[in-house]
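Work through the exercises below with the sequence and the coordinates side by side, and try each task before reading its solution.

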Amino acid sequence: MVKVDNEKGSASLIFLMFVVLAILFSALVVDFGLAHVGRQQLRTVAEAASLAGALSAELVVEAEYNEETGEIDYQYFPNIVPEKAMQSAAAVINQYINNGGLMKDINIEEIDYQPIEEDGYYMRYAVTLKGTQKTPFSIVWTDEGRSFEITRSSEAKLELLLEQ
């Protein structure tokens with residue numbers, strides 16, 4: 001067995017390696033934290049846009065004469081007008097983008113507006129955001145950054161109290 005007489009500096013080397021690993025780990029934590037915050041912001045934008053689209057619903061009233069009772073039965077439905085909903089949703093998304101509601105490293109490349117039909121009426125509205133987010137370490141894995149696709153939908157509900 002070989003005995004080394006001079007072990008000076010070995011603790012410094014181990015400490016230096018520990019510091020380098022701690023810095024790398026901290027950088028990865030920050031990177032993944034930025035990605036998480038960015039996705040949360042995108043979810044918020046998509047949710048707000050789908051709610052704006054759903055809130056643009058108009059009230060549809062269907063009336064049917066009931067021969068047995070001799071009365072008219074009314075049914076009320078919300079109906080989302082696709083063009084009006086898209087304008088409302090786009091306005092919300094633009095407001096988030098222009099007022100700094102999104103991190104600067106997020107690039108929304110495609111927005112899909114989709115009214116969802118139920119029972120002959122558009123009662124739900126969905127918004128899908130597609131794009132990329134660049135974080136410090138995402139450039140290491142890919143030049144474009146992390147890609148995302150986030151879809152949120154909202155339902156148009158109208159509560160009516162009818163006095164008899």
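**Burial and overall make-up**

Of the protein's 164 residues, 26% count as buried, where buried means under 20% relative accessible area with a 1.4 Å probe and protein chains only. The model is predicted, so that local features need pLDDT of at least 70 and side-chain atom pairs count only at pLDDT 80 or more, whereas totals for chains, interfaces and linings use all residues. Residues are numbered from 1 along each chain as its sequence is written, and side-chain values use heavy atoms, with hydrogens and water left out.

**Exercise 1.** Determine which pattern the protein follows along the sequence.

*Solution.* Begin by listing the elements, which are DSSP runs numbered from the N terminus (helices H or I of at least four residues, strands E of at least two); the protein has 3 helices and 5 strands. Reading along the sequence then gives the pattern α-β-β-α-β-β-α-β.

**Exercise 2.** Establish the strand order of the open sheet, and explain why one side of β3 and of β5 is left without a neighbour in the sheet.

*Solution.* Take two strands as paired if DSSP finds at least two bridges between them. On this basis 3 strands form an open sheet with antiparallel pairing, in the order β3-β4-β5. Because β3 (106-118) and β5 (146-155) stand at the edges and each has a single partner strand, one side of each lacks a neighbour in the sheet. From one strand to the next the twist averages 15 degrees. As a closer look at one pair, β4 (residues 121-133) and β5 run antiparallel and are joined by 10 bridges, and Y125 stands opposite S154 in β5.

**Exercise 3.** Describe how helices α1 and α2 are placed against the strands.

*Solution.* First consider helix α1 (residues 10-55), which lies across β3, β4 and β5 and runs at about 30 degrees to β5; axes are lines fitted to C-alpha atoms, for helices over the stretch in contact, and angles run from 0 to 180 degrees between N-to-C directions. Helix α2 (residues 82-98) packs on the sheet, touching β3 and β4, and its direction makes about 35 degrees with that of β4; contact means heavy atoms within 4.5 Å.

**Exercise 4.** Identify which residues of the largest nonpolar core touch the most other members.

*Solution.* Start from the set of buried Ala, Val, Leu, Ile, Met, Phe, Trp, Tyr and Cys residues joined through side-chain atoms within 4.5 Å. The largest such core holds 20 residues, of which L42, I80, I93, Y125, V127 and L129 touch the most other members. At least two residues come from each of α1, α2, β3, β4 and β5, and α1 gives the most, with 5 residues. Finally, beyond its neighbours within four places in sequence, I80 is in contact with residues including G53, A85, Y125 and A156.

Note on methods:
Buried means under 20% relative accessible area, exposed over 50%, partly exposed in between (1.4 Å probe, protein chains only).
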